[in-house]
Amino acid sequence: MLHYVSVNIDGAIIKAPKGSSVLEVAIEYGICIPHLCHVPGLSDIGACRLCIVENITDGRSQVTTSCTLKVQEGMVIRTNTDRIKRLRHNIAELLVAEAPNSRAIQDIAVRCGVKKVRYPFRNSNCVLCGRCVRACAEIWHANALGFVGRGKNRHVERPLNMREEFCKQCDYCVQLCPMTITPCDGPMKPGEEYLCGKCESQLMITEEVPDSCAWCRLGEGFNCGRYAGVKAVR
Amino acid sequence: MNLSKLESILKGRNSQPHQLIEVLQDVQESYGYIPEEAMREISKTLGVPLIEVYRVASFYKAFKLKPTGKYVITICNGTACHVRGAQLLLDQAMGQLGIKPGDVTDDGMFSIEHVNCLGACALGPIASGNGSFLHHMTPAKLRKFIETIRHEETEEVNNAKASHERRPGGHRETASPR
Amino acid sequence: MPKLATKEDLEVIGKQLLLDRKKINKTIIVCGGTGCKASHSQDVIEAINQELTTQEMDSSVHLRMTGCHGFCEQGPIAVIEPGNIFYCHITPEDAHDIVTRTLQNGEVIERLLYTDPVSGRKIRTESEIPFYLAQDRQLLSHNREVNPCSIEDYIAVGGYTALAKAINSLSPEEIIHEIKVSGLRGRGGGGFPTGRKWAECSEASSDEKYVICNADEGDPGAYMDRCVLEGNPHLVIEGMMIGAYAVGATKGYIYVRNEYPLAVKHARFAVQQARKLGLLGENILGSSFSFDVDVARGGGAFVCGESTALMASLEGKVGEPRPKDVHTVVDGLWHKPTTLNNVETWANVPSIILNGANWFASKGTKGSKGTKILSLTGRIKNTGLVEVAMGTPIRDVVFNIGGGATDGKAIKAVQTGGPSGGCLPVDKFDLPVDFDVLYEAGSMIGSGGMVVMDESSCMVDVAKYFLTFLQDESCGMCVPCRLGIDRMLEIITDITEGRGTLEQLDLIEELADTVTQTSLCGLGKTAANPVLSTLRYFREEYEAHINNKECPAGVCKALIEYSIDPEKCTGCGRCTLACIHGAISGEKKEPHVINPELCQKCGICRSECKHEAIQVR
């Protein structure tokens with residue numbers, strides 16, 4: 001028996017099933033909250049911090065990730081205040097400066113309003129979103145790869161021949177990885193990275209329809225919850 | 001690898017995944033590092049996926065995935081020691097031994113650890129050799145300390161060689177009398 | 001000693017033990033804390049023990065090994081009662097003199113007395129030493145009374161009577177009320193009102209609840225918790241038990257960081273002793289309260305001082321913090337209601353129960369009550385652990401207790417609160433030790449670390465040091481902390497190497513704000529404090545690095561040059577021997593020269609030179 005609660009997201013009063021997260025509810029309803037590490041069907045860890053929203057209680061607002069925030073009766077959420085827009089912009093800027101060789105991340109950056117990148121570009125081939133790790137642990141329970149190390153040294157690895165021993169060849173790690181979708185111009189040479197944004201997700205979208213889902217094909221690159229529809233990965 | 005120590009560590013801990021860190025502590029103490037075989041046994045016995053064991057072993061500083069040197073020179077880089085010149089000690093150790101923190105010298109004798117605080121702040125800068133604290137260290141004192149160990153080790157090796165060669169019927173490379 | 005089945009049993013045994021103690025009227029107290037141990041106090045204790053046996057004095061003199069007294073730089077330390085005579089820098093060779101001259105004949109040995117670095121005078125008793133005099137040692141003074149490995153000592157001086165009072169005559173609600181009124185706030189850094197935390201936990205309904213003692217103490221330079229846990233583990237256990245009774249928990253954990261083996265040992269031993277006497281277990285002291293505690297070791301991760309990361313570590317996982325949208329007092333260890341408090345917080349509880357909330361609240365300021373143990377280190381004459389009443393001005397701590405600057409250099413700043421805190425300049429030294437005041441000023445009390453810096457410290461380098469520490473210790477899960485700290489460090493490194501621009505200062509401020517607002521846990525949320533506070537108060541140093549490519553303090557390697565003053569150099573060659581990069585050359589007795597191309601500016605030569613001939617510009 002599903003219980004429902006009423007939540008207020010950006011002024012819209014929405015009936016949401018108890019136990020669901022604010023992000024899921026918003027996406028379902030058509031409100032665009034950019035996200036990266038969230039994948040429908042997998043656990044949410046709040047790692048990328050892109051889906052932040054303001055949770056307003058007793059007149060005070062707290063910035064928190066909507067993927068880990070469970071809906072509660074009477075909740076008041078704002079997804080696109082100036083404060084949130086700026087914070088999200090800065091986080092997206094960090095991501096694209098780290099890994100410009102990913103169409104998904106380039107698109108997210110543009111969607112979050114990044115017009116200029118103020119840090120030197122790097123050429124990482126992993127942003128540690130953890131999608132592959134969670135998919136491997138939660139879909140077929142193979143546990144063939146995982147996070148290793150800490151802080152700056154944290155990375156995804158398949159140590160000790162685990163690939164041969166445990167991998168079930170389900171291919172989800174590859175399918176879900178935001179890095180495996182390349183920009184239309186091909187991989188950028190190290191030292192020659194730049195901010196792309198030439199693809200379908202034009203800058204206009206962020207300005208014309210800042211907080212509604214416009215089926216912008218942005219989501220195609222990283223299985224945006226809305227774009228993937230109700231097709232859960234399981 | 002001597003598995004009997006591992007067996008006694010794992011005894012009574014079947015299917016207790018929350019004991020993972022305690023078990024790894026015991027393995028680290030017994031073997032000086034976490035061997036791969038140990039990780040596999042732990043994974044099976046505690047019921048934790050192997051990647052989790054590896055992950056925990058690689059996350060915490062206490063666990064080494066490679067054997068350490070015979071003498072571990074630990075240099076404290078806590079704030080109080082830092083302000084008193086701990087960086088000088090680290091530079092000294094790295095320069096004298098030719099290795100970086102986490103590595104072992106080619107002869108397996110020394111390795112350097114760089115930790116965040118040993119908790120004896122009023123006595124800094126602190127270095128420790130295999131757990132025994134050396135306080136108010138200076139680069140010169142550290143140089144002497146390392147040289148002394150080297151000297152003692154070389155003497156020991158020479159003495160062992162000499163006594164081996166003096167033994168009747170002992171193997172001799174050359175025909176020259178001793 | 002038989003098991004203590006009732007409150008009366010405890011009273012009777014306590015009285016008896018105190019009487020026994022008073023029978024021996026001569027006591028020599030020797031510090032066996034980690035600091036003095038590093039100065040080989042163990043050998044001193046052995047030697048004194050031997051000497052007492054040789055002189056056949058072991059039944060007339062009590063030799064008590066205790067935990068840390070806080071004045072570590074003077075160790076090994078001994079205090080002799082009666083007379084309160086204080087001896088420092090003792091060696092095993094002094095044992096004979098101490099036993100025969102002082103203990104036997106009451107003679108004071110001048111050469112072992114403490115010399116006050118400010119006045120130059122020798123001081124005879126512990127209570128006259130300025131370092132101790134200016135403190136308010138509510139908690140630390142207990143250390144000298146007990147051997148941490150003796151539950152008998154603890155009971156003799158009134159131990160576990162607070163527990164007896166709590167579980168036999170007070171209700172959980174009354175206890176929570178008392179803690180609320182006392183104004184006790186978390187001593188681990190968060191400063192959260194303890195009473196409110198306990199109330200929320202007690203209201204959560206569950207079949208099982210936990211209490212945890214956070215002894216992870218990761219702040220480098222801070223060792224207050226080590227001192228309390230090593231020196232008086234029963235005090236902490238007693239506090240936890242009162243808390244457990246108040247919130248409805250029956251199981252507790254003391255989580256000790258891996259780098260404190262002595263604290264682990266003493267805590268485990270104390271638990272064993274308490275169990276033997278029935279002070280841990282079922283129906284404690286005849287009440288319906290049952291409780292047991294285990295000691296767990298950390299794995300070596302600063303982030304495990306964060307409460308959710310600590311709990312993950314207790315569960316055998318990596319220390320990755322979890323979102324706290326639901327508080328851990330409701331959903332904590334194994335998803336059960338959990339009250340986690342710092343060592344010092346727990347240690348304050350028994351005295352509040354015995355003396356009342358108003359007694360505790362009579363000290364301190366409006367928002368910060370009681371006393372706080374600080375770890376006073378850095379460039380001052382007297383370093384060590386100090387305990388002061390909340391509201392004490394920083395100036396008093398640095399000058400009255402710390403004795404002012406060492407080496408005659410001018411004090412420039414004090415760094416409080418560890419890597420989560422900030423730096424305050426000298427003109428802010430009138431600010432009191434107070435949670436809210438320091439927070440407003442851009443720093444915080446944190447766990448109590450206080451590092452005094454003088455003009456030989458570069459504030460940009462200090463920010464870099466803390467960012468490097470945090471980058472290493474970050475769990476790496478969330479983007480703002482992992483990438484944000486990395487980029488802040490990149491910018492600061494640019495500045496220290498002469499590549500900084502003024503735009504970067506604006507960028508680092510914006511980035512710092514983003515990291516603070518969007519990080520998942522406290523480590524990320526406070527990571528920007530060292531940068532923001534040094535920018536706020538020492539902006540001119542940043543600007544000197546950027547505009548003039550200069551490091552005023554002479555620290556940042558890329559911006560300084562080492563050279564030898566030919567007038568002062570005697571050609572002794574010490575520097576040449578010390579230089580690990582082979583950058584110094586010269587004939588004997590002739591002024592030596594540093595080759596700037598080989599010089600790595602490590603500073604080893606300067607620390608070796610006895611003629612102050614090596615200059616840094």
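**Chain C and its two partners**

Me: How much area is buried between chain C and chain B?
Reply: In this predicted model, chain C and chain B bury about 3,900 Å² between them, and carbon and sulfur atoms give 55% of that area. On the chain C side, R297(C), V318(C) and Y465(C) lose the most area to chain B, together making up 16% of what that side buries.

Me: And how many residues does each chain bring to that contact?
Reply: Chain C brings 57 residues and chain B brings 39 residues.

Me: How many salt bridges are there across it?
Reply: There are eight salt bridges across the interface of chain C and chain B; one of the salt bridges joins K61(B) to E473(C), with N and O 3.2 Å apart.

Me: Which element of chain C gives the largest share of the side that touches chain B?
Reply: That is α18(C), with six residues, and the whole of that side divides into 25 nonpolar, 17 polar and 15 charged residues.

Me: Switching to chain A, how much is buried there with chain C?
Reply: The area buried between chain C and chain A is about 2,700 Å², with 52% of it on carbon and sulfur atoms, and the contact draws 29 residues from chain C and 29 residues from chain A.

Me: What about polar contacts with chain A?
Reply: Between chain C and chain A, 23 residue pairs are in polar contact, both residues being at pLDDT 80 or more. For the chain C side of this interface, α19(C) gives the most, with eight residues.

Me: Which residue of chain A does E320(C) pair with in a salt bridge?
Reply: E320(C) pairs with R154(A), where the closest N and O atoms are 2.5 Å apart.

Terms used: Residues numbered from 1 in each chain as written. Chains lettered and ligands numbered in written order. Predicted model: local features only at pLDDT ≥ 70, side-chain atom pairs only at ≥ 80, totals over all residues. Heavy atoms only, no water. Contact = heavy atoms within 4.5 Å. Buried area = accessible area lost by both parts, 1.4 Å probe. Salt bridge = Lys/Arg side-chain N within 4 Å of Asp/Glu carboxyl O. Polar contact = N/O pair within 3.5 Å; in protein donor to acceptor, adjacent residues only side chain to side chain. Helix = DSSP H or I, 4+ residues; strand = E, 2+ residues; numbered from the N terminus. Nonpolar A, V, L, I, M, F, W, Y, C, P; charged D, E, K, R; others polar.
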